[in-house]
Amino acid sequence: MKNLTTHRLTPLKLTNQITLSNRIVVPPMASGTSDLNGFATQESVNHYTRLGTSQAGLVIVEYSFVHLSGRSEAHQLGINNDEQISGLARLAATIQHSGAVAGIQLTHAGGKTERIFSGGALQSPSGVIVPVKDRTLETPSEMALTEIKDWKDWFISAADRAVKAGFDLVELHAAHGYGLNQWLSPITNKRTDDYGGSIMKNSRIILEIVREIRSQHPGLLLSVRLPGQDFIDGGLTVSDAVLVAQELERTGVNIINISSGIGGWKRPGSRNGEGYLIEEAVMIQSQLSVPVIGVGGIESGAFIDHLVRNSKVSLAAVGRAILKDPASWAKAQLQGLRPTQYLESN
Ligand SMILES: Cc1cc2nc3c(=O)[nH]c(=O)nc-3n(C[C@H](O)[C@H](O)[C@H](O)COP(=O)(O)O)c2cc1C
């Protein structure tokens with residue numbers, strides 16, 4: 001439905017305590033600025049201070065490993081031990097100082113990593129190699145129920161650290177082929193126990209993590225980055241994603257962040273233009289009450305207006321266009337606009 005009064009600068013109330021100042025989200029983007037133990041550095045703080053100049057309403061800190069076995073690159077940020085909390089707190093504080101709500105993405109790489117980073121055998125739902133685009137990964141081992149319990153504990157402890165560091169929002173990374181995507185996808189989850197065999201069983205580990213975080217932190221904003229689809233034959237479909245998103249909404253998630261591709265987030269050859277992954281996000285938003293974030297090559301404020309005004313999605317993630325030059329992006333796309341201009345354009 002067209003709503004002429006909604007546009008890129010319209011605030012979005014998420015809870016009684018938290019309102020986003022506008023519809024722009026800086027999505028999680030690995031910065032490679034952490035030290036080799038996953039600690040945030042001064043460079044990391046500077047990086048997020050710079051991203052704050054985009055004036056986005058929500059800035060989500062890059063994927064952060066919840067346990068060393070789930071680390072996927074040398075300079076990845078870690079949230080796997082309490083000593084990291086003070087560095088993480090500096091990231092949350094600088095984001096909040098910019099006026100944005102501060103989020104952080106939690107991840108376990110599962111089978112999408114290499115031993116040099118994970119320090120041991122790769123873990124996965126069913127021992128299936130993760131089909132990434134640019135390399136052939138090692139065959140991972142199939143996880144026992146005790147290891148599933150470990151994963152849940154790691155994510156839940158990591159969320160607790162995020163809260164202690166002052167973050168307003170925690171996002172579970174269940175897209176781009178990383179660990180939780182491997183649970184969702186029928187390509188990588190071939191289990192026949194309670195954790196695989198149907199879309200609801202495939203999403204069980206994620207739902208259990210969400211339920212526990214929600215019960216421990218009632219006021220924390222929770223987001224899940226879900227694949228809109230896997231973009232691979234026999235993989236997760238958009239209808240599957242709708243069912244998972246609906247169940248997550250019932251379980252207390254505040255935001256669903258939609259990206260796509262078990263092979264990674266890069267633009268599929270068949271898609272072009274601004275919003276190349278929006279199609280699935282729009283479909284999912286139409287079935288949900290909670291806000292959905294859409295992404296994929298979005299650069300212009302006019303395109304964001306088009307999305308939110310027509311209720312396609314509630315929020316738009318702008319990644320590389322902001323990363324390139326956050327302050328100039330804000331100046332060109334957010335400043336100097338009068339409300340009436342919104343009524344005249346589009
Ligand atoms: C340098 C870089 C690092 C990224 N790291 C992450 C990440 O940590 N977690 C994640 O979910 N997506 C990550 N992404 C994907 C982005 O969040 C986003 O989905 C992607 O860049 C597409 O949006 P854009 O076209 O606006 O850049 C990364 C992208 C880039 C360019």
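A polar contact is a pair of N or O atoms within 3.5 Å. The model shown in these close-up views is predicted.

**View 1. The ligand and its polar partners.** An oxygen atom of the ligand lies 2.8 Å from a polar backbone atom of P28. That distance falls within the 3.5 Å limit, so the pair counts as a polar contact. A30 also uses its backbone: one of its N or O atoms is 2.8 Å from a nitrogen atom of the ligand. H173 brings in a side chain instead, with a polar atom 3.2 Å from an oxygen atom of the ligand. On its own, the ligand exposes 600 Å². The protein buries 89% of that area.

**View 2. The shell around the ligand.** The ligand sits in the largest pocket. It is surrounded by 17 residues. The closest of them are P28, Q105, G297, G319 and R320. Sorted by class, the shell holds nine nonpolar residues, six polar ones and two charged ones.

**View 3. S31, in the loop before helix 1.** S31 belongs to the loop that runs between strand 3 (residues 24-26) and helix 1. S31 has a relative accessibility of 21%, so it counts as partly exposed. The cut-off for buried is under 20%, which means that S31 does not qualify. D240 is 209 residues from S31 in sequence. In space, their C-alpha atoms are 31 Å apart.

**View 4. S44, within helix 1.** S44 is placed in helix 1. Its relative accessible area is 2%, so S44 is buried. The side chain of S44 is joined to the side chain of T33 by a polar contact of 2.8 Å.

**View 5. Q55, in the loop after helix 1.** Q55 is found between helix 1 (residues 42-52) and strand 4 (residues 58-65), in a loop. Its phi is positive, near 65°, and Q55 is not a glycine. Q55 counts as partly exposed because its relative accessibility is 35%.

**View 6. F231, in the loop before helix 8.** The loop that holds F231 lies between strand 10 (residues 221-227) and helix 8 (residues 238-251). F231 is another residue other than glycine with a positive phi, here about 60°. With a relative accessible area of 30%, F231 is partly exposed.

**View 7. S260, in the loop after strand 11.** S260 sits in the loop between strand 11 (residues 255-259) and helix 9 (residues 278-285). S260 is buried because its relative accessibility is 1%. V61 lies 199 residues from S260 along the chain. The C-alpha atoms of S260 and V61 are separated by 19 Å.

**View 8. Helix 10 and the residue S311.** Helix 10 covers residues 301-309. The helix is mostly covered, with seven of its nine residues buried. The buried residues are G301, F303, I304, D305, L307, V308 and R309. S311 follows helix 10. The phi of S311 is positive, near 55°.

Note on methods
Residues are numbered from 1 along each chain as its sequence is written. This is a predicted model: local features need pLDDT of at least 70, side-chain atom pairs count only at pLDDT 80 or more; totals for chains, interfaces and linings use all residues. Side-chain values use heavy atoms; hydrogens and water are left out. A residue is near a molecule or strand if one of its heavy atoms lies within 4 Å of it. A polar contact is a pair of N or O atoms within 3.5 Å; within protein, one must be able to donate a hydrogen and the other to accept it, and residues adjacent in sequence count only if both atoms are side-chain atoms. Accessible areas come from the Shrake-Rupley method with a 1.4 Å probe; for residues, only the protein chains shown count as cover. On a 1 Å grid over the protein atoms alone, a cavity is a set of points where a 1.4 Å probe fits but cannot get out, and a pocket is an open set with protein on both sides within 12 Å along at least five of seven lines; lining residues have an atom within 4 Å of a point. A molecule sits in a cavity or pocket if more than half of its atoms lie within 2 Å of its grid points. Ala, Val, Leu, Ile, Met, Phe, Trp, Tyr, Cys and Pro count as nonpolar, Asp, Glu, Lys and Arg as charged, and the others, Gly among them, as polar. Helices (H or I, at least four residues) and strands (E, at least two) are DSSP runs, numbered from the N terminus. Buried means under 20% relative accessible area, exposed over 50%, partly exposed in between (1.4 Å probe, protein chains only).
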